[in-house]
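Reader: I would like a close look at one part of this model. Please take me through the place where the two chains meet, with a short stop elsewhere on the way.

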Amino acid sequence: MATGADRAVGMSLVGFSLLLFTYYTIWVIILPFVDSDHVVHQYFLPREYSVILPGIAALILLLCVGTFIGVVTWKNRRPKVD
Amino acid sequence: MHDSNTIIKFADDTMVVGLITDDDETAYMEEEEGLLTSGLLALKFHIILFTMTKLLEWVFGISVIGAAWALVTFDLLGLRLPEAYREVAWPMPVYLLVVFGCYSLATVGYRVATFNDCEEASKELQAQIKEAKEDLRKKGLKM
């Protein structure tokens with residue numbers, strides 16, 4: 001079995017993704033079928049944000065990946081040996 | 001086409017026996033050109049028919065699903081579905097992407113948590129590496 005820190009990180013990833021999945025599924029699929037005066041609606045943002053927020057997250061992810069590649073490429077640049 | 005030519009066909013092969021008179025190959029060349037063009041056309045047709053690649057399958061499947069989604073979201077057929085169904089349909093592409101991301105994250109996390117560590121093997125290996133380094137150092141190899 002995996003040891004201490006590995007287990008903790010792994011299980012926290014699983015827990016986080018389950019939470020995210022549940023919240024997002026309720027937001028996108030279940031809320032439209034719930035009466036608009038039900039109390040559960042106050043825990044969710046307006047519907048447009050269900051597309052805008054993942055879009056922003058994807059942009060940030062792309063930025064991080066691009067920055068990482070840029071930094072590594074910059075560090076490994078070597079002047080041409082004659 | 002040219003009377004001086006004879007065309008022999010056998011299966012997919014076609015042979016032009018042409019009369020070349022006095023260094024004039026026009027009769028032969030024109031026949032060859034005609035056959036080459038029609039031959040290439042037949043070959044191209046065959047290629048389109050027989051290479052329905054995996055890529056093409058995926059593209060086809062995704063465009064069918066994409067067309068169904070566009071139909072519901074933009075009401076292209078004027079079906080006027082209930083408002084709730086349209087509300088569910090329009091974020092669908094983003095939703096599927098997010099679900100796929102969650103699934104990937106969960107799979108990675110689970111496999112990290114249940115990875116089979118072999119601690120004794122690791123310690124044994126490190127001891128062997130140390131031993132090998134000592135041995136080589138004694139024999140003069142600089143580390």
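Let me begin with that stop. Is R80(B) buried or exposed, and what is its relative accessible area?

Author: R80(B) is exposed, because its relative accessible area is 72% and the cut-off for exposed is over 50%. Keep in mind that this model is predicted.

Where does R80(B) sit? It belongs to the loop between α2 and α3 of chain B. Its backbone deserves a glance too. The phi of R80(B) is positive, about 50 degrees, and R80(B) is not a glycine. Most residues other than glycine have a negative phi. D75(B) lies in that loop as well, between α2 (54-74) and α3 (83-89) of chain B. Its phi is also positive, near 55 degrees, and D75(B) is not a glycine either.

One place before D75(B) in the numbering is F74(B). F74(B) is exposed, at a relative accessible area of 53%. Its ring pairs with that of W69(B). The two centres are 5.8 Å apart and the planes meet at 80 degrees, so this pair is edge-to-face. W69(B) is partly exposed, with a relative accessibility of 27%.

Now to the meeting of the chains. Chain A brings 24 residues to the contact and chain B brings 23. Together the two chains bury about 2,100 Å². Carbon and sulfur atoms give 77% of that area. On the chain A side, the residues that lose the most area to chain B are M1(A), Y24(A) and R47(A). Those three together account for 22% of what that side buries.

Which charged pair crosses here? The rule finds 1 salt bridge across the interface. It joins R47(A) to E87(B), with the closest N and O atoms 3.4 Å apart. There are also 3 residue pairs in polar contact between the chains. Two helices of chain A, α1 (4-30) and α2 (49-75), each give two or more residues to the side that touches chain B. Of the elements, α1(A) gives the most, with 14 residues. By type, that side of chain A holds 15 nonpolar, 5 polar and 4 charged residues.

Stay with R47(A) for a moment. R47(A) lies in the loop between α1 and α2 of chain A. R47(A) is buried, because its relative accessible area is 11% and the cut-off for buried is under 20%. Its contacts come from both chains. On its own chain, R47(A) touches W27(A), V28(A) and P32(A). Over on chain B, R47(A) touches E87(B), V88(B), W90(B) and P91(B). Residues up to four places away in sequence are left out of this list.

Next come the rings. The whole structure holds 6 aromatic pairs. One of them is Y24(A) with Y95(B), and this pair is stacked. The centres are 5.7 Å apart and the planes differ by 10 degrees. This pair crosses between chains. Y24(A) sits in helix α1 of chain A, and Y95(B) in helix α4 (residues 92-113) of chain B. Y24(A) is buried, at 5% relative accessibility. Y95(B) is buried too, at 8%. Both rings also belong to one aromatic cluster, along with Y23(A), W27(A) and F44(A).

Put the pieces side by side. Y24(A) stacks on Y95(B), and R47(A) forms its salt bridge with E87(B). W27(A) links the two scenes: it is in the aromatic cluster and R47(A) touches it.

Notes:
Residues numbered from 1 in each chain as written. Chains lettered and ligands numbered in written order. Predicted model: local features only at pLDDT ≥ 70, side-chain atom pairs only at ≥ 80, totals over all residues. Heavy atoms only, no water. Helix = DSSP H or I, 4+ residues; strand = E, 2+ residues; numbered from the N terminus. Buried < 20%, exposed > 50% of the residue type's maximum accessible area, 1.4 Å probe, protein only. Contact = heavy atoms within 4.5 Å. Buried area = accessible area lost by both parts, 1.4 Å probe. Salt bridge = Lys/Arg side-chain N within 4 Å of Asp/Glu carboxyl O. Polar contact = N/O pair within 3.5 Å; in protein donor to acceptor, adjacent residues only side chain to side chain. Nonpolar A, V, L, I, M, F, W, Y, C, P; charged D, E, K, R; others polar. Phe/Tyr/Trp six-rings, centres within 6.5 Å; stacked < 30°, edge-to-face > 60°.
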